[in-house]
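Subject: A structure to look through

Dear colleague,

I am passing on a structure that I have been going through, and I would be glad if you could open it and keep it beside you while you read the rest of this message.

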Amino acid sequence: MGHSPAALFGYSHMLGGYPGGQAEYARVPFADFGALQVGDLPDDQVLFLSDILPTGYMGADMAEVGPGDVVAVWGAGPVGQFAIASCFLRGAERVIAIDRIDYRLRLARETGAEVLDYEQVSVPEALAEMTGGRGPDKCIDAVGMEAHHSSAALHAYDRTKQAVGLETERPHALREAIMSCANGGIVSVIGVYGGFTDKFPMGSFMNRSLTMRAGQCHVHRYMPRLLEHIRNGDIDPSFVITHR
């Protein structure tokens, strides 16, 4: 990777070797720094401050989402759901969620997003049609290296190269985000990538003056701010819970 990245819970020795990001028990180094006092808020509301709520919010923050923006979010899992909610929290006019799982799309719709099932439509064509040909102002990749694609041939191409070690990613969502984003827009990557990718559309990225921002979540940067949003009733992260 060129330089050692930050240490993260649950990310193997590649990222510090701290186990237990979502385990029943976790060893917490520097607990006097790493812990956040949450007071009397219920567990359901504060649990996700440790991981996926800051990640989703950072996706919107890196994309500089603001009033009037049209944002597309690839992936409507928990992180994608929080990215959608964060975009609305920051004043986005429209958010378009892209996935293929019915209950994820239903939850995104309940949050206020428009939805696209990528197995039913061509995502770049649909986004162009929904935005008057411009494309979304901001695009957020909340999928990462294990993406699925509705085209069996395209999916097999990356899956085969990944299986034999010729690339580490299946970057379908990232390619679509770059190709779909409006000229001069921002592509924000919070989906995890681990190494090398193939067929990166550098020509589109450079010639259309796009900006890309990416990173593992800077959790401590966002925890206090998001805790205040929860206290103020601006966002209730418990909406993603399906089982207790």
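What follows is an account of what was found, taken one region at a time.

Please keep in mind throughout that this is a predicted model.

The record first. In an unreviewed entry, UniProt places the feature "domain: Alcohol dehydrogenase-like C-terminal" at residues 78-149. Over residues 78-149 the chain is 42% helix and 19% strand, and the C-alpha atoms at the two ends of this stretch are 19 Å apart.

A good place to begin is helix α4, which covers residues 78-89. At 1.5 Å a residue, its 12 residues should span 16 Å, and since its end C-alpha atoms are 16 Å apart, the expectation and the model agree. How many of the residues of α4 are buried? The count is 9 of the 12, so the helix is largely enclosed by the rest of the structure. The buried residues are V79, G80, Q81, F82, A83, I84, A85, S86 and C87, and what they pack against is a mixture of helices and strands, namely α3 (52-62), β1 (70-74), β2 (94-99), α5 (102-111) and β4 (138-141). After α4 comes G91, whose phi is positive, near 100 degrees.

From there it is natural to turn to the strands. β1 and β2 run parallel and are joined by 5 bridges, and one pair that you can look up is V70 with its bridge partner R94 in β2. Together, β1, α4 and β2 make a right-handed β-α-β unit. β2 itself is largely enclosed by the rest of the structure, because 5 of its 6 residues are buried. β2 also pairs with strand β3 (residues 114-117), again in the parallel sense, over 4 bridges, and here I98 has L116 in β3 as its bridge partner. A right-handed β-α-β unit is made by β2, α5 and β3.

Further along the chain, strand β5 (residues 186-189) and strand β6 (residues 211-214) pair in the parallel sense over 4 bridges, with S188 standing opposite R213 in β6. Between them the chain crosses from β5 through helix α9 (residues 202-207) to β6, and this β-α-β crossover is right-handed. The loops on either side of α9 each hold a residue worth a look. K199, in the loop between β5 and α9, has a positive phi of about 55 degrees although it is not a glycine, and at 52% relative accessibility it counts as exposed. S209, in the loop between α9 and β6, is likewise a residue other than glycine with a positive phi, in this case near 55 degrees, and S209 is exposed, with a relative accessible area of 51%.

Two further residues in helices can be set side by side. D158 is found in helix α7 (residues 152-163) and is buried, with a relative accessible area of 0%. Leaving aside its neighbours within four places in sequence, D158 is in contact with E167, E169, R170, P171, H172 and R175. E125, by contrast, has its place in helix α6 (residues 123-130) and is exposed, with a relative accessible area of 61%. The C-alpha atoms of E125 and G68, which are 57 residues apart along the chain, are separated by 22 Å.

Finally, the cysteines. A disulfide is a covalent bond between the sulfur atoms of two cysteines, and the rule used here asks for the two sulfur atoms to be within 2.5 Å. How many disulfides does this rule give? The count comes to 0, and two of the cysteines help to show the reasoning. The sulfur of C181 is 3.9 Å from the closest cysteine sulfur, which is in C139, and this is too far for a bond. C181 is buried, with a relative accessible area of 2%. For C217, the closest cysteine sulfur is in C87 at 14 Å, so that pair too is too far for a bond, while C217 counts as buried at 13% relative accessibility.

I hope this helps you to find your way around.

With best wishes

Terms used:
Residues are numbered from 1 along each chain as its sequence is written. This is a predicted model: local features need pLDDT of at least 70, side-chain atom pairs count only at pLDDT 80 or more; totals for chains, interfaces and linings use all residues. Side-chain values use heavy atoms; hydrogens and water are left out. UniProt positions are given in the numbering used here, feature names are shortened, and annotations may be inferred rather than shown by experiment. Buried means under 20% relative accessible area, exposed over 50%, partly exposed in between (1.4 Å probe, protein chains only). Contact means heavy atoms within 4.5 Å. The expected span of a helix is 1.5 Å times one less than its number of residues. Two strands pair if DSSP finds at least two bridges between them. A crossover is right-handed if, with the strands pointing away from the viewer, the path from the first strand over the helix to the second runs clockwise.
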